[in-house]
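Welcome, and thanks for taking a look at this one with me. Here are a few numbered points to read alongside the structure.

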Amino acid sequence: MDTNKDRPLAKGEPRERDENRDPLSGAAGSHPVGTGLGAAAGGLAAGAAVGTAAGPVGTAIGAAVGAVAGGLAGKGVAELVDPTAEDAYWRKTYSSRPYIDPTYDYDDYGPAYRYGLTAYSDYPGRSFDDVESDLGTGWERARGSSRLTWERAKEATRDAWTRVGNAVERAVPGDSDRDGR
């Protein structure tokens, strides 16, 4: 075990790969955003349930316990979505989608798919329709070199949002996106 991880590297010494260790289990491959989202959601849900029965002290205890459980659930959900695999999926299938304009290519649609993937976790528990105007405003920052206007990118973003939402729903009990399935 290297106890000198913070020391400067010697010339030519290879840099260790960041294993993104999970703070709870120590396992490699943690997804801190998903863990954090799960912790927040779990803490709120558990805190509210306990708080109803036990008052403010129960709310605080419930939030702490729920944050740990929620963090573990969030980590699992985040690991369901592999951005590299999603990019490969959309690159292979984008041209078959009904909203595609053949005058644009994957370099134009790819940023919209990535935007839908990341935006889903930015708005936990919300529907695409609820946040569509916020997403439209954010498209200018997210689009990169895409030539698509928000009106053209919107359906691709919605498609990716729906795909990740369906993956989450299969992994999490209940109707997390409130679509009745």
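1. Let's start with the empty space inside. This is a predicted model, and the structure holds one cavity of 30 Å³ or more. The largest cavity encloses about 60 Å³ of space.

2. Which residues line the largest cavity? The lining is made of Pro83, Glu86, Asp87, Trp90, Tyr106, Gly110, Tyr113, Arg114, Leu117 and Ala160. Sorted by class, the lining has six nonpolar residues, one polar and three charged.

3. It helps to see where those lining residues come from. Helices α2 (83-93) and α3 (106-122) each supply at least two residues of the lining of the largest cavity. The most comes from α3, which gives five residues.

4. Now turn to how α2 and α3 sit against each other. Their axes come within 10 Å and cross at roughly 140°. An angle of that kind makes α2 oblique to α3, and α2 passes α3 in a right-handed crossing. On the α2 side the contact is made by Pro83, Glu86, Asp87, Trp90 and Arg91, and on the α3 side by Tyr106, Tyr113, Arg114 and Leu117. By class, this contact of α2 with α3 has five nonpolar, no polar and four charged residues. You may recognise some names from the cavity: Pro83 and Tyr113, for example, are among the residues that line it.

5. Between these two helices there is a loop worth a moment of your time. Tyrosine 104 lies in the loop between α2 and α3. Leaving aside residues up to four places away in sequence, tyrosine 104 touches Tyr94, Tyr109, Arg147, Leu148 and Arg152. How far apart in space are tyrosine 104 and serine 146, C-alpha to C-alpha? They are 9.1 Å apart, with their positions 42 residues apart in sequence counted as the separation.

6. Next, follow α3 to its contact with α4. The axes of α3 and α4 come within 11 Å and cross at roughly 125°, and the two helices are therefore oblique to each other. Here α3 passes α4 in a right-handed crossing. From α3, the residues Pro111, Ala112, Tyr115 and Ala119 meet Asp134, Leu135, Gly138, Trp139 and Ala142 of α4. These residues divide into seven nonpolar, one polar and one charged.

7. The last pair to look at is α4 with α5. Helix α4 covers residues 128-142 and helix α5 covers residues 150-171; they pack at an angle of about 130°, with their axes 11 Å apart. That angle makes α4 oblique to α5, and α4 passes α5 in a right-handed crossing.

8. Which residues of α4 and α5 meet? Phe128, Asp129, Val131, Glu132, Leu135, Gly136 and Trp139 belong to α4, while Trp150, Ala153, Lys154, Thr157, Arg158 and Trp161 belong to α5. By class, the contact of α4 with α5 has seven nonpolar, two polar and four charged residues. Leu135 and Trp139 of α4 deserve a second glance, as they also appear in the contact with α3.

Conventions
Residues numbered from 1 in each chain as written. Predicted model: local features only at pLDDT ≥ 70, side-chain atom pairs only at ≥ 80, totals over all residues. Heavy atoms only, no water. Axes fitted to C-alpha atoms, helices over the stretch in contact; angles between N-to-C directions. Helix = DSSP H or I, 4+ residues; strand = E, 2+ residues; numbered from the N terminus. Parallel < 35°, antiparallel > 145°, perpendicular 65-115°, else oblique. Left-handed = near helix turned anticlockwise from the far one by under 90°. Contact = heavy atoms within 4.5 Å. Nonpolar A, V, L, I, M, F, W, Y, C, P; charged D, E, K, R; others polar. 1 Å grid on protein atoms, 1.4 Å probe; cavity = no way out; pocket = protein on both sides within 12 Å on 5 of 7 lines; lining within 4 Å. Points joined across faces, edges and corners; volume = space filled by probe spheres on them.
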